[in-house]
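Me: I should like to understand how descriptive terms are justified for a protein model. Please take me through the reasoning step by step.

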Amino acid sequence: MLRQKDYETATLSEIKALLKKHEAFESDLAAHQDRVEQIAAIAQELNELDYYDSPSVNARCQKICDQWDNLGALTQKRREALERTEKLLETIDQLYLEYAKRAAPFNNWMEGAMEDLQDTFIVHTIEEIQGLTTAHEQFKATLPDADKERLAILGIHNEVSKIVQTYHVNMAGTNPYTTITPQEINGKWDHVRQLVPRRDQALTEEHARQQHNERLRKQFAAQANVIGPWIQTKMEEIGRISIEMHGTLEDQLSHLRQYEKSIVNYKPKIDQLEGDHQLIQEALIFDNKHTNYTMEHIRVGWEQLLTTIARTINEVENQILTRDAKGISQEQMNEFRASFNHFDRDHSGTLGPEEFKACLISLGYDIGNDPQGEAEFARIMSIVDPNRLGVVTFQAFIDFMSRETADTDTADQVMASFKILAGDKNYITVDELRRELPPDQAEYCIARMAPYTGPDAVPGALDYMSFSTALYGESDL
């Protein structure tokens with residue numbers, strides 16, 4: 001039993017159990033010491049009595065004492081072996097525990113590092129990629145210390161191996177505190193080291209892409225920041241031309257057509273900006289801190305500019321047609337424009353109802369706040385704003401004013417003509433009409449003129465003044 005080497009494959013807890021068992025055996029062994037001593041004393045006593053078979057007794061006693069001594073030596077040897085093995089296993093257990101305490105967090109760190117190094121990133125600016133690059137460089141700076149920790153952890157494991165080899169400990173099992181093996185640690189470490197240069201390359205490529213994107217942004221912004229204000233300036237200049245009264249309408253038209261030509265010639269710059277915008281879209285760039293203008297802003301502004309110049313030219317052409325058709329002088333046209341501009345407080349190019357009413361009053365129209373005045377203004381508004389948009393354009397204003405002026409002139413002219421025919425009287429007679437006018441015109445007037453009822457009336461007198469006014473607006477005059 002004492003020669004058994006069961007301790008060689010035992011675990012630490014089994015060794016401790018064997019030691020307790022051995023201590024119990026030693027206690028039992030000590031209890032037999034008196035009996036051995038008694039046997040020796042009896043043998044000595046037989047020797048002293050000159051027992052005839054003393055040699056046999058002595059031989060027998062010697063054999064028992066030798067076996068007893070041998071038993072004691074084996075007991076001591078087993079105790080030493082058990083204690084030595086216990087000490088070695090305790091040392092190994094401590095090393096295992098230390099290994100587990102350090103291997104677990106290091107393993108977690110490597111797994112986190114692998115996850116971060118393989119993490120896909122989506123960035124939109126140079127600053128974002130620079131932030132990622134800085135973080136990666138900081139991570140790389142920790143690698144030497146991490147490698148030292150790895151070597152220290154492996155060193156603990158190597159120390160266990162050295163103890164096992166030096167003292168020929170037959171290990172019964174693996175580390176009870178962890179399942180992480182040195183091979184696993186080395187494998188993950190090698191993977192981390194492979195991922196680092198890959199991450200370096202990915203960040204470098206993304207940095208180059210973001211630099212390219214930034215160049216595209218600046219390229220677009222440099223043009224947009226010129227084109228946007230240019231469009232705004234042209235819009236304002238066209239607005240000024242259309243409301244100012246420098247020169248004749250033909251001068252304004254010529255000036256506007258020059259503007260139209262310069263605007264059309266500007267189109268290549270818009271096309272170039274569209275090309276840069278296409279590159280930005282293809283690069284999936286969604287914001288540009290270098291400009292407040294988007295391509296949509298520029299497009300809308302450009303279309304408004306083209307529409308405005310075309311509309312303004314059309315308005316001036318219509319004004320020329322109106323002026324020529326109605327016989328309006330340039331001075332009258334300037335007066336109309338001056339009145340219109342004066343009451344166009346917000347410079348919108350149109351008059352609201354209240355602005356238009358104020359303008360009419362300033363031109364001598366009797367439009368009071370009484371029901372009659374309101375009715376008259378409603379009638380005028382229905383003429384100048386037939387679609388009820390709530391605004392009066394300059395063209396509608398001119399049309400109205402020119403018609404009013406033309407009608408007034410026509411009525412006045414007709415009255416003046418009749419007055420001459422009547423010899424400056426306030427009435428005209430049938431005979432005078434038949435004598436002065438062609439028969440068909442004379443009979444037309446006689447049939448339609450009302451009798452004159454003034455204080456200076458004579459029998460058969462006709463009222464040419466009411467007749468002239470009644471002709472206002474009639475087409476078969």
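The following exchange concerns a predicted model and the terms used to describe it.

Me: What makes the protein more spread out than a compact globule?

Reply: The protein contains 16 helices and four strands. For its 477 residues the globule rule gives 23 Å, whereas the radius of gyration is 60 Å, well over that value, so the protein is more spread out than a compact globule. The C-alpha atoms fill a box of roughly 210 × 50 × 30 Å along the principal axes.

Me: Which distance separates the C-alpha atoms of glutamine 94 and threonine 429?

Reply: Those two C-alpha atoms are separated by 144 Å, and the residues are 335 positions apart along the chain. Glutamine 94 belongs to helix α3, which covers residues 54-117.

Me: Why is glutamine 94 called exposed?

Reply: A residue is exposed when its relative accessible area is over 50%. Glutamine 94 has 51%, so it is called exposed.

Me: Why is arginine 217 called buried?

Reply: The term buried requires a relative accessible area under 20%. Arginine 217 has 3% and is therefore buried. This arginine 217 is part of helix α6, residues 182-243. Of the 477 residues of the protein, 36% count as buried.

Me: What does arginine 217 touch, leaving aside residues up to four places away in sequence?

Reply: Arginine 217 touches His124, Gln210, Ile280, Ile285, Asp287, Asn288 and His290.

Me: How do you know that the side chains of arginine 217 and glutamate 214 make a polar contact?

Reply: A polar contact requires a suitable pair of N or O atoms within 3.5 Å. The two side chains make such a contact at 3.0 Å.

Me: What is notable about the phi of leucine 284?

Reply: Most residues other than glycine have a negative phi. Leucine 284 is not a glycine, yet its phi is positive, at about 60°. Leucine 284 is placed in the loop between α8 (267-282) and α9 (295-326). Its relative accessibility is 57%, so leucine 284 counts as exposed, the cut-off being over 50%.

Me: What is the phi of arginine 388, and where does this residue lie?

Reply: Arginine 388, a residue other than glycine, also has a positive phi, near 55°. Arginine 388 lies in the loop between α12 (371-384) and β2 (392-393).

Me: Why is arginine 388 called exposed?

Reply: The relative accessible area of arginine 388 is 77%, and the residue is therefore exposed.

Note on methods. Residues numbered from 1 in each chain as written. Predicted model: local features only at pLDDT ≥ 70, side-chain atom pairs only at ≥ 80, totals over all residues. Heavy atoms only, no water. Helix = DSSP H or I, 4+ residues; strand = E, 2+ residues; numbered from the N terminus. Buried < 20%, exposed > 50% of the residue type's maximum accessible area, 1.4 Å probe, protein only. Polar contact = N/O pair within 3.5 Å; in protein donor to acceptor, adjacent residues only side chain to side chain. Contact = heavy atoms within 4.5 Å. Rg over C-alpha atoms; globule rule 2.2 N^0.38 Å.
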